[in-house]
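Please open the model in your viewer, and keep the sequence panel beside it, since each stop on this tour begins with something to select.

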Amino acid sequence: MLLDLSEEHKEHLAFLPRVNSSVVAEFGRIAVEFLRRGANPKIYEGAARKLNVSSETVQHGVEGLIYLLTESSKLMISELDFQDSVFVLGFSEELNKLLLQFYLDNRKEIRTILSELAPDLPSYHSLEWRLDVQLASRSLRQQIKPSVTIKLHLNQNGDRNTKVLQTDPATLMHLVQQLEQALEEMKTNHCRRVVRSIK
């Protein structure tokens, strides 16, 4: 599977051939550090002074490298696919080998960092429901007012919590239709490609 780099990412990565290999290696180190701890503008400014370029140029170069490494690591692309993806950029053979080696050395760590950054969302455990119908009240002798009460049990971080929801049947039916429509949408080729690229 080849990476599909946008023109903007190609522009950001176009800075790399203009510097020597030690600077590219340092950019790679900064990229991994960025993933671990977040952005540090002082690092960009220091590198920009040494290279006599704007800090924005350095930042774009590092961000382009971050995108290249994170997307490659997410998809766990092979050495050959990585080389083919980078070959399109028109870099020298030496730079291509350096980027490949940096990818191979860091992909496991990058995947670990990305998995830690992923939000821990609650997962479904069980569901209880009850249908209540109010047939009359003091002011209205004949009325039918149905409501559905749902007790949703969720797991998150090993803890179980409960959410109680109440709605009328019409809204519940609309919700069911929307969920069914979303499930049908997941069966389309486009959604399957998107899901594969996320994993």
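Begin by selecting residues 123-190, where the chain is 29% helix and 49% strand and the end C-alpha atoms lie 25 Å apart; keep in mind throughout that this is a predicted model. The choice of this range follows an unreviewed UniProt entry, whose annotation "domain: COMM" covers residues 123-190.

Within that selection, colour the strands, and you will find three of them forming an open sheet in the order E1-E2-E3, with antiparallel pairing. At the edges are strand E1 (123-134) and strand E3 (159-167), each of which pairs on one side only, and neighbouring strands of the sheet are turned by 15° against each other on average, direction ignored. Next, show the backbone of strand E2 (residues 145-156), which pairs with E3 in the antiparallel sense over nine bridges; to see one position in detail, pick Leu152, whose bridge partner in E3 is Lys163. Now add helix H7 (residues 169-186), which lies across E2 and E3 and runs at about 45° to E2.

Then move to the helical part of the chain. Which elements give two or more residues to the largest nonpolar core? This core has 32 residues, and those with the most contacts inside it are Leu16, Phe27, Val62, Leu68, Phe82, Phe91 and Leu99. The contributing elements to select are helix H2 (21-37), helix H3 (41-51), helix H4 (55-75), helix H5 (79-87) and helix H6 (93-117).

Keep H2 and H4 in view and hide the other helices for a moment: the axes of H2 and H4 come within 9 Å and cross at roughly 70°, which means that H2 is roughly perpendicular to H4. To display the contact, show the side chains of Val24, Phe27, Gly28, Ile30, Ala31, Phe34 and Leu35 of H2 together with Val58, Val62, Leu65, Ile66, Leu69 and Thr70 of H4.

Centre next on Phe27, which, leaving aside its neighbours within four places in sequence, is in contact with Phe15, Leu16, Leu51, Val58, Val62 and Leu65.

For the last stop, select Phe15, in the loop between helix H1 (7-13) and H2. Is Phe15 buried or exposed? Phe15 is buried, because its relative accessible area is 4%, and, not counting residues up to four places away in sequence, Phe15 touches Phe27, Leu51, Val53 and Thr57. Finally, draw a C-alpha to C-alpha distance from Phe15 to Val194: these two are 179 residues apart in sequence and 29 Å apart in space.

How values were computed
Residues numbered from 1 in each chain as written. Predicted model: local features only at pLDDT ≥ 70, side-chain atom pairs only at ≥ 80, totals over all residues. Heavy atoms only, no water. Pairing = 2+ DSSP bridges. Helix = DSSP H or I, 4+ residues; strand = E, 2+ residues; numbered from the N terminus. Axes fitted to C-alpha atoms, helices over the stretch in contact; angles between N-to-C directions. Contact = heavy atoms within 4.5 Å. UniProt positions renumbered as here; feature names shortened; annotations may be inferred. Core = buried A, V, L, I, M, F, W, Y, C linked by side-chain atoms within 4.5 Å. Buried < 20%, exposed > 50% of the residue type's maximum accessible area, 1.4 Å probe, protein only. Parallel < 35°, antiparallel > 145°, perpendicular 65-115°, else oblique.
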